[in-house]
Amino acid sequence: MLSLHAARTPRTHTADAPRIGLAIAGGGPVGAMYELGALRALDEACDGLDMTRLDCYVGVSSGAFFAAGLANRMDTAELCRIFITGDSRDVRFTPETFLRPALGEYARRATALPRLAGRLARDLVTGRGDSRWSDLVTRVGGLVPTGLFDNQQVEHFLRDVFSRHGRSNDFRTLERPLYVIGVDLDSGEAVRFGDTGWDDVPISQAVQASAALPGLYPPVELRGRHIVDGALRRTMHASVVLDRDVDLMLGINPLVPFNPADDADTVAQAHRFSDRRIADGGLPGVLSQTLRTMLQSRMQVGLARYAQQYPDIDQLVFEPNAADRELFYTNVFSFSARRRISQLAYRNTLADLRKRRATLEPVLARHGIRLREDVIADRPRSILAHLPPAVHRTEATARLDRALDDVAHALARRRGMV
C-alpha cells in the first residue's frame, strides 16, 4: 500500500542534485524483514536511486538497524545476505543474538523478593491496610523484569559490524546525516541520537536503545536516563527527514492493522490461517491489532499534517496491504519466517510501483529517478534470485572498494553536471 503526497509547488533544480531522505519505522523482527524486502525492491526498481547515498537517514526501533547500515554504505543486497540468506562473507548473524533471556535483569529483580516478603509479613501482622490485593499487585509489580530478553548482545553485534571495513560507529564521522530516535522513559521526550548533544553516543548503543521495546527488552541507560523504543513517541519520525530540507521523502512503515478483504489474495492465503475473529486468538492478537491501529492512525494524522506543512516536498510512504493475513499471523518472534516475509514485502512494493506507475513516474522523474520496466513487470520476481554473488573482502580490499566507489560516484556526478 503506497501513500503518495505529491508536492503542490515542486522545487526546480539547476546545478544541485535533488535531495532525498529516508525514514524507516519500527516493527519488531517481522517488521524488520518486511522493511528489508521493501528496501530491496526500491533499490532494484528505481534507476537513479542509490540507497547508500541518500541525503538523510532516520531510523526508529528495528528500522534503525537498516538506516544505520545504509548510512554506513552497506547496500540492500549485503543486508539481505546478512539477515535473510545468512551467507554473507562479512557478517555472521544468528537470531539467538536477539532472543537471549535477560538473566541479569531477572536476578536483579529477584534480590528484592526477600525485602518485599518481609514488608508484607510485617504489614499483615500489624494489620496495616496497604496490604490489600490492589496494593499487593502494585508491590509485586516491582519484581517483574522490565524486559524478557537481553539487548546487550545486540549492541555488541552492531559495534563489531560498524567497526570494520571502513564503516563507522560514530555519528560524527559518517558522510551523511543519520538520526536514531529513542524516548526518555521518565519524561516521555524524544531523544534524537545523531543530533547535537547526542551525536557522541556510539551508533550501536543508539540503535540498541531505540529498539528497546518495553516488555521485550529492558531500557538502555545512557547519561543517567532510561531510553526505550522511539515508536512510543511517533511512528516514523518523518518530520526529522522533512526538516532537513529534502526534495523527496521515502518512508517505510511495516505495521498496519489487519483488515481482511474478500479478494483473491485473501482467499489464496485462507489455507494457512483461520478466519476466526482476532479476539478468538487471545491477548497476543488483541494487543497486536491495538498497537498496529494506534501506530498507523498516528502516522496518518502526521502525514496529512506534513502535506500541509511541507508543500514543496514529495512524500512516498510504503506499507503492507491491510489484508495480508500472513504478515499479521506470523509470530512476532519468528526469525524462521524472514524469507517469506521479506518476499511478501518485495512483491508488495513492486506491485505498488506497477499499479501507481502513471502517477509516480513524473514525481520520481523530478528527482532523477526512473522506474525499471524489466523489474516492475516481473510479477513472479524473487528477492533472492536476483542477489549478486557473495564476495569475500579483507579489511584492505573493502576499504579499497569504498575508495574506488567514491571516485566512480564523483565522476558520474561530474558528468551529470557538465
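What follows looks at the internal cavities of a predicted model and at one buried arginine, R381. Local features need pLDDT of at least 70, side-chain atom pairs count only at pLDDT 80 or more, and totals for chains, interfaces and linings use all residues. Residues are numbered from 1 along each chain as its sequence is written, and side-chain values use heavy atoms, with hydrogens and water left out.

Start with the empty space. The structure holds five cavities of 30 Å³ or more (sets of points on a 1 Å grid over the protein atoms alone where a 1.4 Å probe fits but cannot get out; lining residues have an atom within 4 Å of a point). The largest cavity comes to about 70 Å³, the volume being the space filled by probe spheres set on the points, which are joined across faces, edges and corners. Its lining includes F65, M74, F83 and F157, and splits into ten nonpolar residues, one polar and no charged.

The second largest cavity has a volume of about 60 Å³. Around the second largest cavity sit L42, C46, L49, L248, L250, L316, F318, L353, L364 and I369, ten nonpolar residues with no polar and no charged ones.

Now for the arginine. R381 counts as buried because its relative accessibility is 7%, where buried means under 20% with a 1.4 Å probe and protein chains only. The side chains of R381 and E44 are joined by a polar contact of 2.6 Å (a pair of N or O atoms within 3.5 Å, one able to donate a hydrogen and the other to accept it; residues adjacent in sequence count only if both atoms are side-chain atoms).

Conventions: Buried means under 20% relative accessible area, exposed over 50%, partly exposed in between (1.4 Å probe, protein chains only). On a 1 Å grid over the protein atoms alone, a cavity is a set of points where a 1.4 Å probe fits but cannot get out, and a pocket is an open set with protein on both sides within 12 Å along at least five of seven lines; lining residues have an atom within 4 Å of a point. Ala, Val, Leu, Ile, Met, Phe, Trp, Tyr, Cys and Pro count as nonpolar, Asp, Glu, Lys and Arg as charged, and the others, Gly among them, as polar.
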